[in-house]
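Here is a short report on one protein chain. Look at the strands and helices as you read.

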Amino acid sequence: YPTLNTSPVKYIALGLVLGVFGAAFVVCVVDLMSDKIKDIKDITRCYGLRTLGEFCNDGKKVGKVFGFIDKLIIKIFGHESLVSEDEAYALAAANFDNLELETPVKSVLITGFADDKKLEALASNMKSRTKGDVEFIYGKSPVISTETTKSLPKVDAVVLAEERNRSTNAGVEREIAVIKDMGKDIFGVILV
């Protein structure tokens, strides 16, 4: 019987290369098929909402194993803001002031699937940076918070604050439905 003189090292190297490419392909497909919001355009195009602001994706939410692929996707598709956090707050307040000239309001609820600390910081910054005498309150999404749902009738308008790579399109859709059912206008959206 003739013997094949093939080195197992070739097969191991080929297997490793194919395994890395296969894993990278799976990660990319999962990322592209994910329902999570990665960019402000994901919300504004789909639901016709106005953009009030977008905060920088500073790379904290990229994966550890294939983080280089996450960073490459962020770079290619532009899922990041180019302004500092302070400038993002200032831009959100300026956009709010411009919209408030068209539709005056006295009280605004900032709500969404963003973290509580981010909602609180957003409400505080909007209060201190906007013109006029608008009261800003905040709360978790009305989809998951009874307190926020009870606050909806008391405000004139709502600002959605969604968190990149945490909020989902399905969640935003449910939020919009709850807010519209209460007869409240959505002033705009901020991606934190």
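## Terms and model

Contact here means heavy atoms within 4.5 Å. Angles run from 0 to 180 degrees between N-to-C directions. The model is predicted.

## The sheet

Strands of a sheet pair through backbone hydrogen bonds, either parallel or antiparallel. In this model, five strands form an open sheet. Their order is β1-β5-β4-β2-β3, and the pairing is parallel. Two strands stand at the edges: β1 (51-54) and β3 (135-140). Each has a single partner strand, so one side of each is left without a neighbour in the sheet. From one strand to the next, the twist averages 20°.

Take one pair inside this order. Strand β2 covers residues 107-112, and four bridges join β2 to β4. The two run parallel. Thr-111 stands opposite Leu-160 in β4.

## Helices on the sheet

Helix α4 spans residues 85-102. Helix α4 lies across β1, β2, β3, β4 and β5 (185-191). Its direction is at about 175° to β1.

Helix α5, residues 116-129, also packs on the sheet. Helix α5 touches β2, β3, β4 and β5. The direction of α5 makes about 175° with that of β3.

## A loop residue with positive phi

Most residues other than glycine have a negative phi. What is the phi of Asn-165? The value is near 65°, which is positive, and Asn-165 is not a glycine.

Asn-165 lies in the loop between β4 (157-162) and α7 (169-181). Asn-165 has a relative accessible area of 26%, so the residue is partly exposed.

Conventions:
Residues are numbered from 1 along each chain as its sequence is written. This is a predicted model: local features need pLDDT of at least 70, side-chain atom pairs count only at pLDDT 80 or more; totals for chains, interfaces and linings use all residues. Side-chain values use heavy atoms; hydrogens and water are left out. Buried means under 20% relative accessible area, exposed over 50%, partly exposed in between (1.4 Å probe, protein chains only). Two strands pair if DSSP finds at least two bridges between them.
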